[in-house]
Amino acid sequence: MGKIFKKVFKDPLYDYIRIDNNVCEKIIDDKYFQRLRRIEQTSMRCLYPSARHDRFIHSIGVYHLAKVAIRALKRNKQVVIDYNKTCVGSSYKFPTEQEQETILFSFEMAALLHDVCHSPFSHTLESYFKDIAKKDVDGNISTVDILDEFFQVAEEINSISGEEDFESFKANCRTANAAPHEIASCILIFKCFRDKLEQIANERNEDSNRNESNGIKILMLFLARCILGAQYTNYTDLNGYKNCIIKLLNSSIDVDKLDYIARDSAVSGFANTMVDTKRLLGSLVFALYNDTDRKQKICLAFQKTAVGVIQNVVMSRNALYTWIYSHHKVSYESYLIKQAVKKISEQQKNPKEFIKKYFSPESVEKNLVCDDVIWNLFLENRDIPEVNAVISRKDRKKAIWKSFAEFQAYFSSEGSIIPIGDFSTEQMVAYLNRNEGINDFEKYINEFTTNDGQKFHFDIVINKTKLTHIEHNSIMIYINNKLYSFDTIFNDLYKKAEVPPFFYLYCSKEEKTKLSDDNYKYKNALIKYIKQYEQFRLIPR
């Protein structure tokens with residue numbers, strides 16, 4: 001068959017990306033993958049008009065970084081940590097070359113397809129994917145958790161392949177807490193890409209003069225583990241190796257995060273901290289260490305040359321989440337889109353079936369639902385005020401405060417000792433974290449009336465900024481033949497970054513002007529009124 005021909009993609013981040021021709025023909029040219037051209041990568045175009053990138057180029061970028069990571073692990077020799085001094089068990093046994101190639105091929109395909117069933121409008125509407133409407137023989141509608149739907153598809157495949165113990169697989173998937181779009185992508189891959197992935201594996205075997213018995217194959221359940229972040233809990237030498245590969249796609253620092261950090265920063269023009277992905281991934285090594293049972297085990301580690309880049313990853317990602325993804329305009333855009341879909345669904349005869357029609361793996365499989373489809377749905381329902389607010393920016397409401405820093409200035413408790421009945425920041429944060437009773441709070445806030453009879457109408461958006469937290473011992477650094485946890489080395493430099501839950505409050509432009517009149521008289525009255533909300537005050541339970 002000869003050497004597999006490669007196609008070339010020009011990318012502003014990585015220059016030229018070369019991909020096997022058969023991968024392009026069977027995966028990238030497929031209608032489901034091409035659909036990703038119509039799924040925006042982020043919801044920040046309302047803030048940065050130049051951010052016109054999509055899940056298509058992001059997926060190709062993640063695939064490219066996956067290949068870079070693989071090449072580095074093959075090039076760099078594995079390191080042994082104090083093995084001869086303390087280990088009394090047998091040496092760690094690396095998987096065979098065939099097993100490694102099979103695992104790495106499955107990982108490559110997971111990186112390429114990890115977003116293939118992403119919901120329209122980035123993460124804004126992803127929550128609709130979580131529950132799938134089902135109709136029984138009598139026509140009754142019920143909902144099924146998307147993870148249970150995935151298990152049904154996965155069990156059918158595992159019953160044929162016998163890849164692994166399915167109960168352990170399910171248990172590991174449940175504890176992974178994967179996002180709905182990741183689970184949906186696994187469902188679509190299992191249904192629509194399995195045969196194509198097997199064909200690509202067979203063609204690679206033919207190109208390398210290997211037959212089916214000694215060649216690579218696709219591991220579908222392992223591919224899903226990579227996307228979901230479902231590491232093996234029953235440790236064996238083989239599973240330890242697989243867990244290292246899973247972490248390359250789903251961990252505190254992985255190829256998915258590295259691509260969107262660099263890409264989102266570049267296309268928006270946001271002056272973010274630079275992340276040298278080539279240096280970082282080029283430092284990857286397999287480290288063999290002695291566990292508490294004094295048996296040699298394997299983990300993924302970075303060489304000391306990458307320490308500065310790791311710190312930059314944390315800073316860069318946190319900057320995006322703090323100042324871009326949680327920006328008051330981005331938050332309000334997402335709120336309006338959610339409200340628009342909610343109001344349209346409420347007008348349908350069967351709202352659950354309506355949601356399934358547009359937001360489910362089945363809607364992608366049968367109808368290739370993408371951003372354009374939802375936008376056309378909005379255009380057909382312009383008579384709904386919430387929908388019209390999405391289409392037109394003219395009458396959009398304005399944020400009364402524009403950042404967590406400003407919010408904190410208004411709502412931080414004065415003094416550390418708070419008497420019963422007074423406003424408590426901790427009480428407010430606990431309430432917002434539960435995300436329960438927001439409707440009651442919204443009703444309360446819209447009853448605000450000034451002493452001279454001024455009334456306002458507010459929209460509330462709860463904001464939970466997701467910052468990077470590197471869990472203890474999750475990122476290992478290899479220095480002078482020893483392993484160190486990144487968070488331990490930089491205990492003073494690295495702190496657990498947290499932005500407590502808070503809320504944005506939006507009102508009309510005219511109302512915001514009123515709040516600013518007479519040296520913020522109405523605004524100060526509003527803040528005082530909010531602090532009197534029962535759930536925000538320290539009350540005995």
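1. The structure holds 28 salt bridges, and because this is a predicted model, the points below should be read as features of that model. Side chains of opposite charge can pair when their charged atoms come close. The next points take up some of these pairs, beginning with one that joins a strand to a helix.

2. Asp 20 and Arg 204 meet through their side chains in a salt bridge, with a distance of 3.4 Å from N to O. This pair links distant parts of the chain, since Asp 20 sits in strand β2 (residues 15–20) and Arg 204 in helix α9 (residues 194–207), 184 residues apart. Asp 20 is buried, and Arg 204 is buried as well.

3. A second salt bridge is formed by Lys 67 and Glu 108, whose closest N and O atoms are 3.5 Å apart. Here too distant parts of the chain are linked, with Lys 67 in helix α3 and Glu 108 in helix α5 (residues 97–113), 41 residues apart. Glu 108 has a relative accessible area of 6% and is therefore buried, the cut-off for that label being under 20%.

4. Helices α3 and α5 also carry the pair Lys 74 and Glu 101: because Lys 74 lies in helix α3 and Glu 101 in helix α5, the pair ties together parts that are 27 residues apart in sequence. The side chains of Lys 74 and Glu 101 meet in a salt bridge at 3.2 Å, N to O. Lys 74 counts as exposed, at 52% relative accessibility, whereas Glu 101, with a relative accessible area of 24%, is partly exposed.

5. How are Lys 6, Asp 20, Lys 67, Glu 108 and Arg 204 linked? These residues are linked in a network of salt bridges, and the network takes in the Asp 20 and Arg 204 pair together with the Lys 67 and Glu 108 pair. A reader following the network in the structure can therefore pass through strand β2 and helix α9 at Asp 20 and Arg 204, and through helices α3 and α5 at Lys 67 and Glu 108.

6. Arg 55 also belongs to helix α3, which spans residues 55–75. Is Arg 55 buried or exposed? Arg 55 is buried, because its relative accessible area is 4%. A polar atom of the Arg 55 side chain lies 2.8 Å from the backbone oxygen of Gln 41, and the side chain of Arg 55 makes a polar contact, also listed at 2.8 Å, with the side chain of Asp 115.

7. On the surface, Lys 329, Arg 393, Lys 398, Lys 402 and Lys 509 form a positive patch. Arg 393, one of these residues, is placed in the loop between α19 (385–391) and β8 (398–399). With 46% relative accessibility, Arg 393 counts as partly exposed.

8. Two backbone values deserve a look by anyone checking the model. Most residues other than glycine have a negative phi, and most peptide bonds are trans. Asn 209 has a phi near 60°, a positive value in a residue other than glycine; Asn 209 lies in the loop between α9 and α10 (220–228) and counts as exposed at 73% relative accessibility. Tyr 520 has a phi near 65°, again positive in a residue other than glycine, but the place of Tyr 520 is in helix α24 (residues 509–531), where Tyr 520 is partly exposed with a relative accessible area of 40%.

9. Some distances help in placing parts of the chain relative to one another. Gly 437, in the loop between α21 (425–434) and α22 (438–445), is partly exposed at 33% relative accessibility, and its C-alpha atom is separated by 9.4 Å from that of Gln 535, 98 residues apart along the chain. Asp 195, found in helix α9 and exposed with a relative accessible area of 52%, is 160 residues from Arg 35 in sequence and 20 Å from Arg 35 in space, C-alpha to C-alpha. Asn 446 is found in the loop between α22 and β9 (459–463) and is buried, with a relative accessible area of 19%; Asn 446 and Arg 294 are 152 residues apart in sequence, and their C-alpha atoms are 63 Å apart in space.

Note on methods:
Residues are numbered from 1 along each chain as its sequence is written. This is a predicted model: local features need pLDDT of at least 70, side-chain atom pairs count only at pLDDT 80 or more; totals for chains, interfaces and linings use all residues. Side-chain values use heavy atoms; hydrogens and water are left out. Patches are made of residues with over 30% relative accessible area and no salt bridge: like charges are joined within 9 Å, nonpolar side chains (Val, Leu, Ile, Met, Phe, Trp, Tyr) within 5 Å. Accessible areas come from the Shrake-Rupley method with a 1.4 Å probe; for residues, only the protein chains shown count as cover. A salt bridge is a side-chain nitrogen of Lys or Arg within 4 Å of a carboxyl oxygen of Asp or Glu. Lys and Arg count as positive and Asp and Glu as negative; His and the chain ends are not counted. The place of a charge is taken as NZ of Lys, CZ of Arg, CG of Asp or CD of Glu. Helices (H or I, at least four residues) and strands (E, at least two) are DSSP runs, numbered from the N terminus. Buried means under 20% relative accessible area, exposed over 50%, partly exposed in between (1.4 Å probe, protein chains only). A polar contact is a pair of N or O atoms within 3.5 Å; within protein, one must be able to donate a hydrogen and the other to accept it, and residues adjacent in sequence count only if both atoms are side-chain atoms.
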